[in-house]
Amino acid sequence: MIKAVISGTGLYTPPATIDNAELVDAFNAYVELFNREHADEIERGECEALQPSSPEFIEKASGIKRRHVIDREGILDPNRLCPSIPDRSNDEPSVQCEMGLAAAREALQQAGREASDVDAVIVACSNMQRPYPAISIELQAALGIDGFAYDVNVACSSATFGLQAAANAVETSSANAVLVVSPEICSGHLNFRDRDSHFIFGDACTAILVERSDRVAEGQGFDVLGTRLKTQFSNNIRNNFGFLNRADESGVGQPDKLFIQQGRKVFKEVSPLVAETIQAHLADQQLAPENLTRMWLHQANLNMNQLIAKRVLGRHATLEEAPVILDEYANTSSAGSIIAFHLHHDGLSSGDLGVICSFGAGYSIGSVIVRKR
């Protein structure tokens, strides 16, 4: 029986960084400008004064200390608070394609493969920079891959949903090797004027090569033992930006055209749902939580990850058991759990078990159980 193997991973990290103090300085400067410009309305009770943020508030609320971004100057300009990413001509590689190339090449190198060994490309991320042609097909062409490609968007679970699709393609012999690439430019859809969320996201790109097991040397990579996907509709995390916006001018530029969420509701509703999904997935594989050596969880909120790990294991997890990259990268949407996997899978022994799990808007949850070969 053909089984799927993760044979290599790659990571592109934008060189520009913004720490919490820098972000807060820019946000608070905007707050002062807004409150001064709207002083009369605020005094008459027609407008609420904006409240400042602080590095301590950010770290306590999220565990985030800094983030990598495509552009920092635009984000840190109080009069802009938005990344500055110049438009490119149709003859130039798109930003997401460029990010994807860097991550994909590292994944191929780690696996000891060439682009000619790959049959398919899945670009799986929370936001594509255009509807068509597909970013995945552009990346396929840039890599020189002869086969097929398509885009997947399931918000923060896009990469694990893409992993399941890749494993299915390999196990049904529709492809020998599939690249799953997640170019997340989260700073592009973040509202840097919202105190409750202006600190959440960072930018990054991951790549995973999935191959059929009989093509991968013994001891290399991770067997994919099983995948589990779950979705449940919720408006608590939403982004209403889309091509129909121009059909109603009253909505243009409104806050809901960027990332919005009801954070407390998300925490309360998603945490138990994720833990239950992982536990049920393990049980179906005739595994117990104590069999897990590692949990590579979605990197959205430190408190959330700690609660999920505790519910799954029945005790507090160590940082080795549930690695954290959130402090360095912030929330990179679907790339987060894959960054954790990429950076924290060394040192595992043959037979060690782990789970890659993402969760987010939708709600959507993706669980992938893997075993070190």
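## Exercises on a predicted chain

Buried residues account for 53% of the 373 residues in this chain. The model is a predicted one, so keep that in mind as you work through it.

**Exercise 1. Size up the whole chain: how does its radius of gyration sit against that of a compact globule with 373 residues?**

Step 1. Start with the expected value: for 373 residues, a compact globule would come out near 21 Å.
Step 2. Now take the chain itself, which has 21 Å, so the two agree.
Step 3. Add the outline: along the principal axes, the C-alpha atoms fill a box of roughly 70 × 55 × 35 Å.
Step 4. Look at the contacts with a separation of 6 or more: 78% of them are between residues 24 or more positions apart.
Step 5. Finish with the inventory, 10 helices and 13 strands.

**Exercise 2. Describe how α7 and α8 pack: at what angle do their axes cross, and which residues make the contact?**

Step 1. Two packed helices are described by the angle between their axes and the distance between those axes.
Step 2. For α7 (residues 263–284) and α8, the axes come within 9 Å and cross at roughly 35 degrees.
Step 3. The crossing of α7 past α8 is right-handed.
Step 4. On the α7 side, the contact uses V266, F267, V270, S271, P272, V274, A275, I278 and Q279. From α8 come N303, M304, L307, I308, R311 and V312.
Step 5. Sort those residues by type and you get 11 nonpolar, three polar and one charged.

**Exercise 3. Take S53: is it buried or exposed, and which side chain does it meet in a polar contact?**

Step 1. Find S53 in the loop between α2 (39–43) and α3 (55–62).
Step 2. Its relative accessible area is 7%, and the cut-off for buried is under 20%, so S53 is buried.
Step 3. The side chains of S53 and H198 are joined by a polar contact of 3.2 Å.
Step 4. Set aside neighbours within four places in sequence, and S53 is in contact with V24, F27, N28, I58, R195 and H198.

**Exercise 4. Do the same for A322: where is it found, and what does it touch?**

Step 1. A322 belongs to the loop between α8 (302–313) and α9 (326–329).
Step 2. With a relative accessible area of 15%, A322 is buried.
Step 3. Not counting residues up to four places away in sequence, A322 touches M295, A309 and A317.
Step 4. Then check W296, 26 residues apart from A322 along the chain: their C-alpha atoms are separated by 6.0 Å.

**Exercise 5. Go through the backbone: which peptide bonds are cis, and what is phi of S173 and of A330?**

Step 1. The bond from Y132 to P133 is cis, with omega near -5 degrees. P133 sits in the loop between β4 (120–124) and α5 (135–143).
Step 2. G362 and Y363 are also joined by a cis peptide bond, omega being about -5 degrees. Look for Y363 in the loop between β12 (353–360) and β13 (364–372).
Step 3. Phi of S173 is near 65 degrees, a positive value in a residue other than glycine. S173 lies in the loop between α6 (158–171) and β6 (177–185), and its relative accessible area of 45% makes it partly exposed.
Step 4. A330 has phi near 65 degrees, again positive in a residue other than glycine. A330 is placed in the loop between α9 and α10 (335–343), and at 0% relative accessibility A330 counts as buried.

Key
Residues numbered from 1 in each chain as written. Predicted model: local features only at pLDDT ≥ 70, side-chain atom pairs only at ≥ 80, totals over all residues. Heavy atoms only, no water. Helix = DSSP H or I, 4+ residues; strand = E, 2+ residues; numbered from the N terminus. Buried < 20%, exposed > 50% of the residue type's maximum accessible area, 1.4 Å probe, protein only. Contact = heavy atoms within 4.5 Å. Polar contact = N/O pair within 3.5 Å; in protein donor to acceptor, adjacent residues only side chain to side chain. Axes fitted to C-alpha atoms, helices over the stretch in contact; angles between N-to-C directions. Left-handed = near helix turned anticlockwise from the far one by under 90°. Nonpolar A, V, L, I, M, F, W, Y, C, P; charged D, E, K, R; others polar. Rg over C-alpha atoms; globule rule 2.2 N^0.38 Å.
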